[in-house]
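Ready to poke around inside a protein chain? Have the sequence and the 3D view open side by side, and follow along one residue at a time.

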Amino acid sequence: QVQLVESGGGLAQAGGSLRLSCAASGSVSRFNSMGWYRQTPGKERELVAIISSGGTTTYADSVKGRFTISRDNAKNTVYLQMNSLKPEDTADYYCYIGPPANYWGRGTQVTVSS
């Protein structure tokens, strides 16, 4: 069984920064990718950023140049540094690990005020 525990969400002003962390526990060595998705009410969950065990990263166009994903394989932890935040970044952010099976954290709320 895999558990993902997110932390670091909260309230920020536009132009500000937040850092999300997600610690994975359980049998996680078999999974290649860790990352972050986000979701707002009435919309589908969307990819924010993902990083492979080898360090290859993929970002949504909307966050390129502002967000940075990183991971510490020794700690089974993934981070998301969010800079130059915009009100449209407001969402619930979910940690992800996979494949072949996909696991999600419970989510952490990020609110960006204008």
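What follows is a walk through the bonds, bridges, backbone oddities and core of this predicted model.

**The disulfide**

Let's begin with the cysteines. The count of disulfides here comes to one. C22 and C95 are the partners, with their sulfur atoms 2.0 Å apart. This link ties together distant parts of the chain: C22 sits in strand β3 (residues 18-26) and C95 in strand β9 (residues 91-98), 73 residues apart. Try finding both in the sequence, then in the 3D view.

Is the disulfide left-handed or right-handed? The torsion about the S-S bond of C22 and C95 is about -85 degrees, so it is left-handed. As for where the two cysteines sit, C22 and C95 are both buried.

**Salt bridges, with R38 in the middle of the story**

Next up are the charged side chains. There are four salt bridges in the structure, and here are three of the pairs, with the distance between their N and O atoms.

| Salt bridge | N to O distance |
|---|---|
| R38 and E46 | 2.7 Å |
| D89 and R38 | 3.0 Å |
| D61 and K64 | 3.1 Å |

R38 turns up in the E46 pair and again in the D89 pair. The D89 pair is a long-range one: D89 lies in the loop between β8 (77-82) and β9, while R38 belongs to strand β4 (residues 33-39), and the two are 51 residues apart.

Which residues join R38 in a network of salt bridges? They are E46, R66 and D89.

Is R38 buried or exposed? R38 has a relative accessible area of 6%, and since buried means under 20%, R38 counts as buried. D89 is buried too, because its relative accessible area is 0%. E46 is another matter: at 37% relative accessibility, E46 counts as partly exposed, because that value falls between the 20% cut-off for buried and the 50% cut-off for exposed. As for the pair of D61 and K64, both of these residues are exposed.

R38 has other company as well. Its side chain makes a polar contact with the side chain of S62, at 3.3 Å. The R38 and E46 side chains are also joined by a polar contact, of 2.7 Å. Leaving aside neighbours within four places in sequence, R38 is in contact with a whole list of residues, including E44, V48, F67, A91 and Y93. If you want one residue to click on and look around from, R38 in strand β4 will do nicely.

**Backbone oddities**

Now for the backbone. Most residues other than glycine have a negative phi, and most peptide bonds are trans. Keep that in mind for the next few stops.

Which peptide bonds are cis? One runs from G98 to P99, with omega near -25 degrees. Another joins P99 and P100, and its omega is about 10 degrees. P99 lies in the loop between β9 and β10 (103-104), and P100 has its place in that loop between β9 and β10 too.

Then there's phi. N76 is not a glycine, yet it has a positive phi of about 50 degrees. You'll find N76 in the loop between β7 (67-72) and β8. N76 counts as partly exposed, because its relative accessible area is 28%.

S84 tells a similar tale: it isn't a glycine, and its phi is positive at about 50 degrees. S84 is located in the loop between β8 and β9. With a relative accessible area of 40%, S84 is partly exposed.

**The nonpolar core**

Last stop: the inside. The largest nonpolar core has 29 residues. Which of them touch the most other members? Those are W36, L80, M82 and Y93. The strands β1 (2-7), β3, β4, β5 (46-52), β7, β8, β9 and β11 (108-113) each supply at least two residues of this core.

Take L80 as an example. Not counting residues up to four places away in sequence, L80 touches a list of residues that includes L18, L20, W36, V48, F67, I69 and Y93. Two of those names, W36 and Y93, you've just met among the core residues that touch the most other members.

Notes: Residues are numbered from 1 along each chain as its sequence is written. This is a predicted model: local features need pLDDT of at least 70, side-chain atom pairs count only at pLDDT 80 or more; totals for chains, interfaces and linings use all residues. Side-chain values use heavy atoms; hydrogens and water are left out. A disulfide is a pair of cysteine sulfur atoms within 2.5 Å. Helices (H or I, at least four residues) and strands (E, at least two) are DSSP runs, numbered from the N terminus. Buried means under 20% relative accessible area, exposed over 50%, partly exposed in between (1.4 Å probe, protein chains only). A polar contact is a pair of N or O atoms within 3.5 Å; within protein, one must be able to donate a hydrogen and the other to accept it, and residues adjacent in sequence count only if both atoms are side-chain atoms. Contact means heavy atoms within 4.5 Å. A nonpolar core is a set of buried Ala, Val, Leu, Ile, Met, Phe, Trp, Tyr and Cys residues joined through side-chain atoms within 4.5 Å.
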